[in-house]
Amino acid sequence: GTCVDITSRKRMEEELRANQAWLRNALSVGQMGTWQILLDSRMVVASESAEQLWGFETQKIRPLEDYLRLIHPDDLLLVSEILVNPPPQFRLEFRVRPRGRDETVWLAIQGERELDAQGRSVSLIGAVSDVSPLKHTEQVLQNQTLELEARVRELNCLYAVSRLVQTQGSLDQLLERVVEIIP
């Protein structure tokens, strides 16, 4: 039976390797990466694709400070809060200016905390992805909504004016009333 065992183990190893390759590929195509923050040493172990999202040359491990320095000041507080008091699971979106690039990108991280035997948070582990296209679409939609609301207000105003025109006798009376209703 030894023959069969070795063959099936080989097949399992090959499948595992293929799955790992597929995952690596999926992560890079999807603008996604994986990371782990070691809380005691404040060091980060990140995948190659995660490093690229931040504009870093690939390095096995780097100080957390290197990452924090690139986060938009307005978003830093949110990130720091999670580092100080990590919930069991979290998802966060924040702006980053990757090294060597002029534009700001939106990154989303999702992760969870890892505890030691005593129940103390020892690390955070998770994935990071670039959600800039999504944020851009959100912004466009928001702008269109605001534009639409402004148009509706204009139309309501025009309607109110036209109702007045129908009910007022003289131009003087009309102008007095228009001044009252126009915001």
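## Where two helices cross

Helix H5 passes helix H6 in a right-handed crossing. Everything described here comes from a predicted model, so please read it in that light. Two packed helices are described by the angle between their axes and the distance between the axes. Helix H5 covers residues 132–167 and helix H6 covers residues 171–181; their axes come within 10 Å and cross at roughly 155°. Since an angle over 145° counts as roughly antiparallel, H5 is therefore roughly antiparallel to H6.

Which residues of H5 and H6 meet? On the H5 side they are Ala-160, Val-161, Leu-164 and Val-165, and on the H6 side Leu-174, Arg-177, Val-178 and Ile-181. By type, the residues of this contact divide into seven nonpolar and one charged, with no polar residue.

## Val-161, a residue of that contact

Val-161 is a handy place to take a closer look at helix H5. Setting aside residues up to four places away in sequence, Val-161 touches Val-178 and Ile-181. Both of these partners belong to the H6 side of the helix contact.

Is Val-161 buried or partly exposed? Its relative accessible area is 22%, and because buried means under 20%, Val-161 counts as partly exposed. The C-alpha atoms of Val-161 and Leu-175 are 9.7 Å apart in space, with the two positions 14 residues apart in sequence numbering.

## The chain as a whole

Stepping back, how many helices and strands does the chain have? There are six helices and six strands. Read along the sequence, their order is α-β-β-α-β-α-α-β-β-β-α-α.

The chain has 183 residues, and buried residues make up 26% of them. Taking the contacts with a separation of 6 or more, 37% are between residues 24 or more positions apart.

## Two residues of strand S5

Strand S5 runs over residues 105–115 and includes Arg-113. With 29% relative accessibility, Arg-113 counts as partly exposed. Not counting residues up to four places away in sequence, Arg-113 touches Pro-86, Pro-87 and Pro-88, and also Ser-121, Ser-123 and Leu-124. Where does the side chain of Arg-113 place a polar atom 2.9 Å from a backbone oxygen? That oxygen belongs to Pro-86. As for Pro-87, it is 26 residues from Arg-113 in sequence, and the C-alpha atoms of the two are 7.0 Å apart.

Glu-114 also lies in strand S5. At 31% relative accessibility, Glu-114 counts as partly exposed. Leaving aside neighbours within four places in sequence, its contacts are Gln-36, Arg-120, Ser-121, Val-122, Ser-123 and Ile-125. Gln-36 deserves a second look: the side chains of Glu-114 and Gln-36 are joined by a polar contact of 3.1 Å. These two residues are 78 residues apart along the chain, and their C-alpha atoms are separated by 9.7 Å.

## Ser-129 in strand S6

Strand S6 spans residues 121–130 and holds Ser-129. Is Ser-129 buried or exposed? Its relative accessibility is 16%, and because the cut-off for buried is under 20%, Ser-129 counts as buried.

Which residues are in contact with Ser-129, leaving aside its neighbours within four places in sequence? Gln-31, Met-32 and Leu-53 are among them, together with Trp-106, Leu-107 and Ala-108. Met-32 falls within strand S1 (32–38), while Trp-106, Leu-107 and Ala-108 fall within strand S5 (residues 105–115).

## An unusual backbone angle at Arg-42

One last stop is the loop between strand S1 (32–38) and strand S2 (43–46), where Arg-42 is found. Arg-42 is not a glycine, yet its phi is positive, at about 55°. Arg-42 has a relative accessible area of 38% and is partly exposed.

Definitions and conventions: Residues are numbered from 1 along each chain as its sequence is written. This is a predicted model: local features need pLDDT of at least 70, side-chain atom pairs count only at pLDDT 80 or more; totals for chains, interfaces and linings use all residues. Side-chain values use heavy atoms; hydrogens and water are left out. Axes are lines fitted to C-alpha atoms, for helices over the stretch in contact, and angles run from 0 to 180 degrees between N-to-C directions. Helices (H or I, at least four residues) and strands (E, at least two) are DSSP runs, numbered from the N terminus. Angles under 35 degrees count as roughly parallel, over 145 as roughly antiparallel, 65 to 115 as roughly perpendicular and the rest as oblique. A crossing is left-handed if the near helix is turned anticlockwise from the far one by less than a right angle, and right-handed if clockwise. Contact means heavy atoms within 4.5 Å. Ala, Val, Leu, Ile, Met, Phe, Trp, Tyr, Cys and Pro count as nonpolar, Asp, Glu, Lys and Arg as charged, and the others, Gly among them, as polar. Buried means under 20% relative accessible area, exposed over 50%, partly exposed in between (1.4 Å probe, protein chains only). A polar contact is a pair of N or O atoms within 3.5 Å; within protein, one must be able to donate a hydrogen and the other to accept it, and residues adjacent in sequence count only if both atoms are side-chain atoms.
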